[in-house]
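Reader: I am new to this structure and should like to understand the terms applied to it. Please set each value against its definition.

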Amino acid sequence: MADLDDLRSRWLRALLAARDDDSCAPDPYRYADALLRRWQEPQRRYHTVEHLAAVLDHIDVLEEHADDPDVVRLAAWFHDAVYLPERSTNEERSARLAERALPEAGVSPGKTAEVARLVRLTVTHDPAGDDRDGQVLCDADLAILAAPPSAYAAYTAEVRAEYHFVPNDAFRAGRSAVLRQLLDLPTLFRTPYGQEHWEATARYNLSGELEMLST
């Protein structure tokens with residue numbers, strides 16, 4: 001289980017760093033607690049507080065490649081804040097949640113817009129070549145693809161559990177299509193670190209999963 005107190009502290013650091021002026025802003029922990037409640041909803045199996053903590057950990061690894069790592073961290077908090085596996089509007093609804101909450105929490109309109117843009121980018125995980133913040137968030141979100149075999153197997157099981165309502169044949173076909181789409185990309189990771197340290201392992205994992213789904 002992720003350390004919720006540590007996550008609250010990490011939220012506070014990112015929010016205070018992103019604020020222009022916190023003199024009149026409300027208690028920052030109320031937002032952390034509201035977001036953590038969302039990340040602990042019962043329909044989640046993979047998109048949980050553990051995933052949030054992992055994405056934040058990977059942003060810490062990649063922060064030198066970001067222009068504004070604290071804005072990227074705020075985007076990580078919001079990127080799956082709304083998550084219903086049967087719906088395709090989760091990223092948009094998560095971005096709109098950020099657009100409502102962050103100005104109230106003391107974040108400027110410009111940084112709020114950037115957080116929302118980054119959240120929407122996780123629909124495609126296809127940042128532009130000069131989008132350093134987008135590259136860091138997308139790489140951090142996809143870093144699970146380069147996990148060791150046991151962790152990758154746990155991830156795939158958790159994804160299947162989230163989609164328990166999808167029949168096996170339909171799930172295998174849909175998941176296989178996603179894997180082929182990922183493998184067809186010129187590169188899965190956009191930061192130099194991700195390309196060097198995660199790319200080969202991720203492609204090995206994806207290819208192995210695809211082969212299992214095809215048998």
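Reader: Which residues is His51 in contact with, leaving aside its neighbours within four places in sequence?

Author: His51 is in contact with Trp39, Tyr46, His79, Asp80 and Asp141, once its neighbours within four places in sequence are left aside. The model is a predicted one. His51 itself has its place in helix 3.

Reader: Why is His51 called buried?

Author: The relative accessible area of His51 is 5%. Buried means under 20%, and therefore His51 is classed as buried.

Reader: What makes the pair Tyr46 and His51 a polar contact?

Author: The side chains of Tyr46 and His51 are joined at 3.0 Å. A polar contact requires a pair of N or O atoms within 3.5 Å, one able to donate a hydrogen and the other to accept it. The distance of 3.0 Å between Tyr46 and His51 therefore meets the cut-off.

Reader: Where is Tyr46, and is this residue buried or exposed?

Author: Tyr46 has its place in the loop between helix 2 (29–39) and helix 3 (49–62). With a relative accessible area of 9%, Tyr46 is buried, because the term applies under 20%.

Reader: What is in contact with Tyr46, leaving aside its neighbours within four places in sequence?

Author: The contacts of Tyr46 are His51, Asp141, Ile144, Tyr155, Glu158, Val159 and Glu162, with neighbours within four places in sequence left aside. Of these, Val159 is 113 residues from Tyr46 in sequence, yet the two C-alpha atoms are 5.8 Å apart in space.

Reader: Why is Arg45 called partly exposed?

Author: Arg45 has a relative accessible area of 43%. Buried means under 20% and exposed means over 50%; the value for Arg45 lies in between, and so the residue is partly exposed. Arg45 lies in the loop between helix 2 and helix 3. Leaving aside neighbours within four places in sequence, Arg45 is in contact with Glu158, Ala161 and Glu162. Ala161 is 116 residues from Arg45 in sequence, with a C-alpha to C-alpha distance of 6.4 Å. The side chain of Arg45 also reaches the backbone oxygen of Pro42 at 2.5 Å.

Reader: Why is Pro149 called exposed?

Author: Pro149 has a relative accessible area of 63%. Exposed means over 50%, and Pro149 is therefore exposed. Pro149 is found in helix 8 (residues 149–162). The C-alpha atoms of Pro149 and Pro26 are separated by 44 Å, the two residues being 123 residues apart along the chain.

Reader: How do you know that the span of helix 5 agrees with what is expected?

Author: Helix 5 (residues 90–104) has 15 residues, which at 1.5 Å a residue should span 21 Å. The expected span is 1.5 Å times one less than the number of residues. The end C-alpha atoms of helix 5 are 22 Å apart, and so the two values agree.

Reader: How do you know that the buried residues of helix 5 are on the same side?

Author: The buried residues of helix 5 are Asn90, Glu91, Ser94, Ala95, Leu97, Ala98, Ala101 and Leu102. They cover an arc of only 160° around the axis, and therefore lie on the same side of helix 5. These residues pack against helix 1 (4–18), helix 2, helix 4 (69–78) and helix 6 (109–121).

Reader: What makes helix 7 mostly covered?

Author: In helix 7, 10 of its 11 residues are buried. The buried residues include Val136, Leu137, Cys138 and Asp141. The elements that cover them include helix 3, helix 4, helix 6 and helix 10 (192–197).

Reader: What is notable about the phi of His125, and why is this residue called buried?

Author: His125 has a positive phi of about 50° although it is not a glycine. Most residues other than glycine have a negative phi. His125 is found in the loop between helix 6 and helix 7 (132–142). The relative accessible area of His125 is 17%; this is under 20%, and so His125 is buried.

Reader: How many residues does the largest nonpolar core have, and from which domains does it draw?

Author: The largest nonpolar core has 61 residues, and those with the most contacts inside it are Leu7, Trp11, Leu74, Trp77, Phe78 and Val115. This core draws at least three residues from each of domain 1 (4–143) and domain 2 (145–213).

Conventions
Residues numbered from 1 in each chain as written. Predicted model: local features only at pLDDT ≥ 70, side-chain atom pairs only at ≥ 80, totals over all residues. Heavy atoms only, no water. Core = buried A, V, L, I, M, F, W, Y, C linked by side-chain atoms within 4.5 Å. Buried < 20%, exposed > 50% of the residue type's maximum accessible area, 1.4 Å probe, protein only. Domains from an automatic or database assignment. Helix = DSSP H or I, 4+ residues; strand = E, 2+ residues; numbered from the N terminus. Contact = heavy atoms within 4.5 Å. Arc of directions from axis to C-beta.
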